[in-house]
Amino acid sequence: MTSFDTSPTLTVWRALLAVAVVFVMLATTGWSAVRDQQADGPRELALAAWARDRIAGHSLPDVDAPAYRLAHFFATLTSGQRFALAGKYPSVVGNLDGAPVTLRYHANRVALRQAAAVEKVRAHDEKLSPDGRDEAQARLDRFRSLLRGERQILAFDPSGKGRAAEVFGDLDRAARVSVVVPGVDTHLLTLERSKRKYAAPVGMAESLYGAERSASPGTRTAVIAWADYTSPAGLGMDAALGGLAADGAVRLNAMVGALPGTSKVSLFCHSYGSVVCGVAAHRAPDRVADIAVAGSPGMRAANAGQLETGARIWATRDGDDWIGDVPHMEFGGIGHGADPVDPAFGARIVSAAGAAGHSGYFEPGTESLDNFAAIGVGAYGSVSCASADSTCHSGISGERNG
C-alpha cells in the first residue's frame, strides 16, 4: 500500500471484510488485475518468434524452463551470440531468469529505447484523448529516466501498467542481496518519485543500499527494487484478497532462485508486499535468510510458524501508521491474517522510531532503515528491538557478513 499515507475510514475496510461486498464489487467492477494482465501484442509476438527460432543450429530454450537450464544455455553461447539474441528479443532476454544479469541490463536498455519511441509517437497522436497523450508523455518521461546513466534494469515490461526491477550494486559479486517488495499501486509510473522519494520502490532500495554500505563497508551487498509483479490498484477488493499476492510470490521466488552466485538474501516487504512475502515464504529458496515486514496488513498466516520457512521473520510498524487500525483477520479468503507486530505472532519486532506514517520506513535517519540495513548485511547484533520485544536478536548464532 505504498502510495497511501493517510488512514482510510475503518468502515470501508470492515466492509471489505464482509462477504456481501465481495459479490457487490464483483458485479459492479470486476477484478482490476484481469485488465492489467491482458496480453500485450508486441511481447506475445516476440515470445512466439523466440519459440520458433534457432541459434547455431539449436532451438532456443523454453522461456519457462528452470533458471539453471537457461543459465546453461547462455553459457554455451559466445558473447556475440548472447548480444545478438538480446538485440533481437530484448523483451524476452531482459526478463529471463537464468540469463546473465549484465545481459539482462543490456536487453532492457534496448527494450526501454523501443518503448520510449512508441510513447513519443503516442504523446503527439491527435487520435488519443488529452488524457491519453498525457499518460503517454508520463510513460515517455519514465522510460527516459530509466535510460539515464548506467542504471541496472533487471526486469522491464511496459505492457498494461508495466512492471520493472532495478539493481543497486553488483549482483554477480554480492555476498548479501536485499530485495525490496513494495505494495499497492506499484507500476511503472509509481516506480520512482522526485517528491517523497523514499516512499517509492526505487527510492526505498537506493536508501537501503546506502544504509547497508554505511553499516558494513566491507560487505559486498546489492539491493533490488522489485516492482516486477502485478499489485492491487488502490484499496479495493484485490488489496483485501490474496490472488495477486500468490501470483507475485511465484515471480518473487523465481527471481530469488535465479540470482547469481551463493549470496544470502533478505526480503524487505512493505504493506501489501508483506502479503506477497508471506505467501512466498514456505517455498522461498533456502538462500532467503531473513524476511522483514513493515506496515503489514498481515502475511496470510496466524503466526510465524505457519509461514513454514527457515528464514528469520522480522516485523516493524510505526505508531502513527494507519495500517495498525485495519482489522488483522481473515474470513472466507478476505483479509490477510494476524498482525505480525503482535508479540503472539512470533516475529522479531524491531524499532521503527522516526518513521512517520505508512510510507516512511526507508527514510534516512530512521531506526527502521538502520535496522533493515543491519539485517541486510547480517549485523544482527546492531538491530534495535522494539519495546514490545527487547530480545528480538536473541538466539542468532553470530553474524554472517560477506
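**Figure 1. Burial and overall make-up of the predicted model.** Of the 402 residues of the protein, 54% count as buried. The model is predicted. The protein contains 14 helices and 10 strands. Among contacts with a separation of 6 or more, 69% come from residues 24 or more positions apart. The views that follow take up a covered helix, two helix pairs, two disulfides and two arginines with positive phi.

**Figure 2. Helix H14 and what covers it.** H14 spans residues 367-377. The helix is mostly covered, with nine of its 11 residues buried. Those buried residues are Ser-368, Leu-369, Asn-371, Phe-372, Ala-373, Ala-374, Ile-375, Gly-376 and Val-377. Several elements supply the cover. Strand E5 (176-181) and helix H10 (201-215) are among them. So are strands E7 (264-270), E8 (288-294) and E9 (312-316). Gly-378 comes just after H14 and takes a positive phi of about 80°.

**Figure 3. Helix H12 against helix H13.** Two packed helices are described by the angle between their axes and the distance between the axes. H12 covers residues 243-257, and H13 covers residues 272-280. Their axes come within 8 Å and cross at roughly 65°. An angle of 65 to 115 degrees counts as roughly perpendicular, and H12 and H13 are therefore roughly perpendicular to each other. The crossing of H12 past H13 is right-handed. From H12, the contact takes in Leu-244, Ala-245, Ala-246, Gly-248, Ala-249, Leu-252 and Asn-253. From H13, the contributors are Tyr-272, Val-275, Val-276, Cys-277, Val-279 and Ala-280. By class, this contact of H12 with H13 holds 11 nonpolar residues, two polar residues and no charged ones.

**Figure 4. The disulfide of Cys-269 and Cys-277.** A disulfide is a covalent bond between the sulfur atoms of two cysteines. A search of the whole structure finds two disulfides. One of the links joins Cys-269 to Cys-277, with an S to S distance of 2.1 Å. The torsion about the S-S bond is -90°, and the link of Cys-269 and Cys-277 is left-handed. Cys-269 has 2% relative accessibility and counts as buried. Cys-277 has 0% relative accessibility and counts as buried too. Cys-277 also belongs to the H13 side of the contact with H12.

**Figure 5. The disulfide of Cys-385 and Cys-392.** Here the sulfur atoms of Cys-385 and Cys-392 lie 2.2 Å apart. The torsion about their S-S bond is about -90°, so this disulfide is left-handed. Both Cys-385 and Cys-392 are buried. With bonded cysteines counted along the chain, the disulfides of the protein follow the pattern 1-2, 3-4.

**Figure 6. Helix H6 alongside helix H8.** H6 runs over residues 79-88, and H8 runs over residues 101-122. The two axes come within 8 Å and cross at roughly 30°. Angles under 35 degrees count as roughly parallel, which makes H6 roughly parallel to H8. The crossing of H6 and H8 is right-handed. On the H6 side, Arg-82, Phe-83, Ala-86 and Gly-87 take part. They meet Leu-103, His-106, Ala-107 and Val-110 of H8. The residues of this contact of H6 with H8 divide into five nonpolar, two polar and one charged.

**Figure 7. Arg-196 in the loop between E5 and H10.** Most residues other than glycine have a negative phi. Arg-196 has a positive phi, near 50°, and is a residue other than glycine. Arg-196 sits in the loop between E5 and H10. Both E5 and H10 are among the elements that cover the buried residues of H14. With 42% relative accessibility, Arg-196 counts as partly exposed.

**Figure 8. Arg-300 in the loop between E8 and E9.** Arg-300 is not a glycine, yet has a positive phi of about 60°. The loop that holds Arg-300 lies between E8 and E9. Strands E8 and E9 are also among the elements that cover the buried residues of H14. Arg-300 has a relative accessible area of 31% and is partly exposed.

Terms used: Residues numbered from 1 in each chain as written. Predicted model: local features only at pLDDT ≥ 70, side-chain atom pairs only at ≥ 80, totals over all residues. Heavy atoms only, no water. Buried < 20%, exposed > 50% of the residue type's maximum accessible area, 1.4 Å probe, protein only. Helix = DSSP H or I, 4+ residues; strand = E, 2+ residues; numbered from the N terminus. Contact = heavy atoms within 4.5 Å. Disulfide = S-S within 2.5 Å. Axes fitted to C-alpha atoms, helices over the stretch in contact; angles between N-to-C directions. Parallel < 35°, antiparallel > 145°, perpendicular 65-115°, else oblique. Left-handed = near helix turned anticlockwise from the far one by under 90°. Nonpolar A, V, L, I, M, F, W, Y, C, P; charged D, E, K, R; others polar.
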